[in-house]
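User: Could you pick one helix and take me through what surrounds it, then follow the trail to other spots worth a look? I'm in my first year, so please keep it relaxed.

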Amino acid sequence: MAQPASPADDLITVRDLLRYGVSRFSAAKLTFGHGTSTALDEAAFMILEGLSLPIDDLAPWLEARLTRPEREKVIGLIDARVSTRKPAPYLLGRAYIQGIPFRVDERVIIPRSYLGELMMTGGLEQDGLGPVPEPYAVARALDLCTGSGCLAILAAMAYPNATVDAVDLSRDALEVAKLNVADHGMQDRVSLLAGDLFSPVAGRRYDLIIANPPYVARAEVDAFPAEYRAEPVMAHLGGADGFDIVRRILDEAGNHLTARGGILCEIGTGRDILEAEYDLPFLWLDSEESEGEVFWLSARDLGQRV
C-alpha cells in the first residue's frame with residue numbers, strides 16, 4: 001500500500017514552508033502575542049529559530065532549499081503549534097528581548113516586557129526623565145517577579161556597575177532563571193532569591209527597582225485563549241481588578257529605595273485605576289508598542305504619598 005503523501009514531499013524551500021505555516025496558522029485562528037503579532041511573523045520566527053538561523057531577517061533564506069530532515073522538523077513545529085496551541089517559544093525553548101535570547105519553558109511566563117526595550121534602548125530618557133540614575137551610577141538594582149530572569153539580566157547589561165537581586169515566589173521559575181543567568185555569564189552579578197516580593201531583601205535599599213508583576217484581572221484570566229492559558233496562572237493573575245500585587249509594591253517600594261533611587265513598573269492598561277487611587281506623580285513612559293503601561297516613581301515621589 002502506498003504511503004500517504006507528506007507535506008515535506010512538496011514543500012522544498014523556506015518560502016514554501018513560510019506560506020504553509022501562515023496558511024495553517026490563519027486557518028486555525030491562532031492567538032499571538034508571545035513575541036509576534038501576526039501569523040506571518042510567527043511562521044518566520046518558528047522557521048528561523050527551528051533551523052538555527054538568525055531571527056532578524058528571513059529574506060536571505062527564502063529561496064534556500066532544505067534537506068528532508070529540516071523540512072520535516074519545521075513541519076512538525078508548525079503542526080505542533082496548531083494542535084497544541086502552545087506559544088511558539090515553548091515549542092522552541094527560546095524567546096528574545098531586544099535580540100537577546102533566553103531559555104523558556106512552561107515554568108515561566110514568556111518574556112515580552114516593555115521594560116527590556118526601555119532599559120536597552122535609552123527609552124528611559126524620554127519626556128525629560130531626569131530622576132533615573134545614570135547607568136554607571138546604579139550600584140544595586142532589584143527585579144521583582146523575575147520569572148525567567150530576563151529583566152534582571154538585561155538590567156545587569158544596561159547598568160554595568162550594578163549587582164542585581166532577582167526575586168520570585170516560584171521556585172520552578174527560578175530554576176529556569178538560573179539557567180539563563182549561567183548562559184549570560186551573570187552569576188557574579190545577578191542573585192536569585194525565592195520569596196514574596198520584598199520579603200527576601202528585608203533591610204536592603206536599591207538605586208533602581210524594576211517590576212513586571214502579575215497585573216491581569218480575574219475575569220480576563222478566565223477568558224484567556226489557549227496560548228495564554230499555557231503560561232503559569234500566577235504570572236498573570238493580579239486579583240479581581242489586576243492590581244493587588246501592584247498595590248503591595250507601591251506600598252512597600254519606598255522602604256527599599258536609596259534617596260536617589262526609583263521604581264520602574266509595568267502595569268498594563270490600568271493607568272486610570274492607579275491614578276484614581278493614588279495621589280502620586282506617576283511618570284508614564286511609552287515604548288514602541290505601548291503607551292502609558294509603564295510608570296516611573298522616584299523615592300521622593302513615593303515619600304509624597306498622601
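Analyst: The buried residues of α11 have quite a list of partners: they pack against β3, β6, β7 (257–266), α12 (271–277), β9 and α13 (299–303). Keep in mind that this is a predicted model. Helix α11 itself runs over residues 244–253, and its buried residues are Ile245, Val246, Arg247, Ile249, Leu250 and Ala253. When you turn the helix on your screen, here's a handy thing to remember: an α-helix has 3.6 residues a turn, so residues three or four places apart point the same way.

Now use those partners as signposts. Start with β3, one of the elements α11 packs against. The loop between β3 (140–144) and α7 (150–158) holds Gly149. How buried or exposed is Gly149? Its relative accessibility is 0%, so Gly149 counts as buried. Its C-alpha sits 7.0 Å from that of Ala166, though the two are 17 residues apart in sequence.

While you're there, check Cys150. This cysteine is buried too, at a relative accessible area of 7%. You might wonder about disulfides, but the count is zero. Cys150 is in none, and the nearest cysteine sulfur, belonging to Cys145, is 12 Å away. Then there's Cys265: the closest cysteine sulfur to its own is again in Cys145, 8.4 Å off, which is too far for a bond. For a disulfide, the two sulfur atoms would have to be within 2.5 Å. Cys265 is buried, with a relative accessible area of 0%.

Next signpost: β6, also packed against by α11. Leu197 is in the loop between β5 (190–194) and β6 (206–211). Its phi is near 50°, a positive value in a residue that isn't glycine. Why is that worth a second look? Most residues other than glycine have a negative phi. Leu197 counts as buried, given its 6% relative accessibility.

The signpost after that is β9, another partner of α11. In the loop between β8 (283–285) and β9 (294–298) you'll find Ser287. At 12% relative accessible area, Ser287 is under the 20% cut-off, so it is buried. Leaving out residues up to four places away in sequence, Ser287 touches Tyr114, Glu117 and Leu118.

For contrast, hop over to another helix, α3 (residues 39–50). Ten of its twelve residues are buried, so the rest of the structure largely encloses α3. Those buried ones are Ala39, Glu42, Ala43, Ala44, Phe45, Met46, Ile47, Leu48, Glu49 and Gly50. They pack against α2, α4, α5 and β1 (94–97). The length of α3 works out as well: at 1.5 Å a residue it should span 16 Å, and its end C-alpha atoms are 16 Å apart, which agrees. After α3 comes Ser52, with a positive phi near 60°.

Two of α3's partners, α2 and α4, also meet each other. The axes of α2 (residues 14–28) and α4 (residues 68–84) come within 10 Å, crossing at roughly 10°. That makes the pair roughly parallel. On the α2 side, the contact is made by Leu17, Tyr20, Gly21, Arg24, Phe25 and Ala28, while α4 brings Arg71, Val74, Ile75, Ile78, Asp79, Arg81 and Val82. Sort the residues of that contact by type and you get eight nonpolar, one polar and four charged.

Last stop: the loop between α4 and α5 (88–92), home of Arg85. Like Leu197, which has a positive phi, Arg85 is no glycine and has a positive phi, about 60°. What about its exposure? At 24% relative accessibility, Arg85 counts as partly exposed.

Pro87 is found in that loop between α4 and α5 as well. Pro87 is buried, its relative accessible area being 1%. Which residues does Pro87 contact, setting aside neighbours within four places in sequence? They are His34, Arg81, Ile110, Glu227 and Ala230. Arg81 should ring a bell, as it takes part in the contact of α4 with α2. Glu72, on the other hand, is 15 residues from Pro87 along the chain, and their C-alpha atoms are separated by 20 Å.

Technical notes. Residues are numbered from 1 along each chain as its sequence is written. This is a predicted model: local features need pLDDT of at least 70, side-chain atom pairs count only at pLDDT 80 or more; totals for chains, interfaces and linings use all residues. Side-chain values use heavy atoms; hydrogens and water are left out. Axes are lines fitted to C-alpha atoms, for helices over the stretch in contact, and angles run from 0 to 180 degrees between N-to-C directions. Helices (H or I, at least four residues) and strands (E, at least two) are DSSP runs, numbered from the N terminus. Angles under 35 degrees count as roughly parallel, over 145 as roughly antiparallel, 65 to 115 as roughly perpendicular and the rest as oblique. Contact means heavy atoms within 4.5 Å. Ala, Val, Leu, Ile, Met, Phe, Trp, Tyr, Cys and Pro count as nonpolar, Asp, Glu, Lys and Arg as charged, and the others, Gly among them, as polar. Buried means under 20% relative accessible area, exposed over 50%, partly exposed in between (1.4 Å probe, protein chains only). The expected span of a helix is 1.5 Å times one less than its number of residues.
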